[in-house]
Amino acid sequence: MRLGDLLVANGFMSKEQLESALNYQKTIGGRLGAIIIKLGFVSEDKLINFLAERENLRLVSFSPKDISEEIVRLFPQELIERLEAVPIEKELGTLTVAMGDPTDFNEIDELRLHTNLKVEPVLAAPSQIRA
């Protein structure tokens with residue numbers, strides 16, 4: 001089931017709100033989750049907690065000041081912004097990456113190819129990633 005349908009089925013938003021968000025997406029573009037938050041239909045906190053539970057994803061909260069400079073330099077700013085992904089930890093050849101959509105396998109592959117490391121994607125609030 002797609003994100004919008006899941007949110008409607010679980011009572012987070014109405015079918016009308018979903019249609020409005022989909023129309024916005026067709027007109028302006030962007031990720032549906034971000035649009036739903038921007039339009040105020042579902043809070044960011046509720047959306048990421050729902051996704052973490054539904055998809056059995058590890059949810060992280062972090063502060064940019066807690067990430068070492070060595071790790072931050074692994075991704076150019078363009079990549080961070082385009083993929084909404086921030087490296088937060090590196091241990092034993094595995095890079096933990098906070099992502100707005102840690103289920104996007106194409107993005108995970110791109111990060112793996114960019115770093116030559118195993119990538120462990122974790123879910124984080126998009127507002128934290130953009131900070």
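This is a short tour of a predicted model, with selections to make in the viewer.

**Start with confidence**

Colour the protein chain by pLDDT. The chain averages 91, and 100% of the residues score at least 70. Then select helix α2, residues 15–28, which has the highest mean pLDDT among the elements, at 96. At the other end is α8, with the lowest mean, 84. Where pLDDT is low, the predicted coordinates should not be read in detail.

**The largest pocket**

Select L3, G33, L51, G100 and D101. These residues are the closest to the centre of the largest pocket, which is lined by 21 residues. The space in this pocket comes to about 380 Å³. Now show α1 (3–9), α3 (32–38) and α4 (44–55): each of these elements gives two or more residues to the lining. By class, the lining of the largest pocket holds 13 nonpolar, three polar and five charged residues. Keep D101 selected for a later stop.

**The second largest pocket**

Which residues lie nearest the centre of the second largest pocket? Select Q77, I80, V86, I129 and A131 to see them, out of 16 lining residues. The elements giving two or more residues to this lining are α6 (77–83), β1 (85–91) and α8 (126–130). The volume of the second largest pocket is about 280 Å³. Its lining divides into 10 nonpolar, two polar and four charged residues.

**An aromatic pair**

Next, select F12 and F50 and show their side chains. The count of aromatic pairs in the model is one. The ring centres of F12 and F50 are 4.9 Å apart and the planes meet at 55°, so the pair is tilted. F12 sits in the loop between α1 and α2, while F50 belongs to helix α4, and the two are 38 residues apart. Is each ring buried or partly exposed? F12 has 29% relative accessibility and counts as partly exposed. F50, at 11%, counts as buried, because the cut-off for buried is under 20%.

**Salt bridges at R31 and D101**

The salt bridges number seven. Go back to D101 and add R31: their side chains meet in a salt bridge, at 4.0 Å from N to O. R31 is in the loop between α2 and α3, and D101 is in the loop between β2 (94–99) and α7 (105–115), so the bridge ties together parts that are 70 residues apart in sequence. Both residues are partly exposed: R31 has 30% relative accessibility and D101 has 25%. Add E107 to the selection, and a network of salt bridges linking R31, D101 and E107 comes into view.

**Salt bridges at R82**

Finally, select R82 with E78 and E110. The side chains of E78 and R82 form a salt bridge at 2.7 Å, N to O. Both lie in helix α6, four residues apart, about one turn of the helix. R82 also meets E110 in a salt bridge, at 2.4 Å, N to O. This second pair links distant parts of the chain, with E110 in helix α7 and R82 in helix α6, 28 residues apart. What is the relative accessible area of E78? The value is 45%, so E78 is partly exposed. R82 counts as partly exposed at 43%, and E110 is partly exposed at 29%.

Notes. Residues numbered from 1 in each chain as written. Predicted model: local features only at pLDDT ≥ 70, side-chain atom pairs only at ≥ 80, totals over all residues. Heavy atoms only, no water. 1 Å grid on protein atoms, 1.4 Å probe; cavity = no way out; pocket = protein on both sides within 12 Å on 5 of 7 lines; lining within 4 Å. Points joined across faces, edges and corners; volume = space filled by probe spheres on them. Nonpolar A, V, L, I, M, F, W, Y, C, P; charged D, E, K, R; others polar. pLDDT = per-residue confidence, 0-100. Phe/Tyr/Trp six-rings, centres within 6.5 Å; stacked < 30°, edge-to-face > 60°. Buried < 20%, exposed > 50% of the residue type's maximum accessible area, 1.4 Å probe, protein only.
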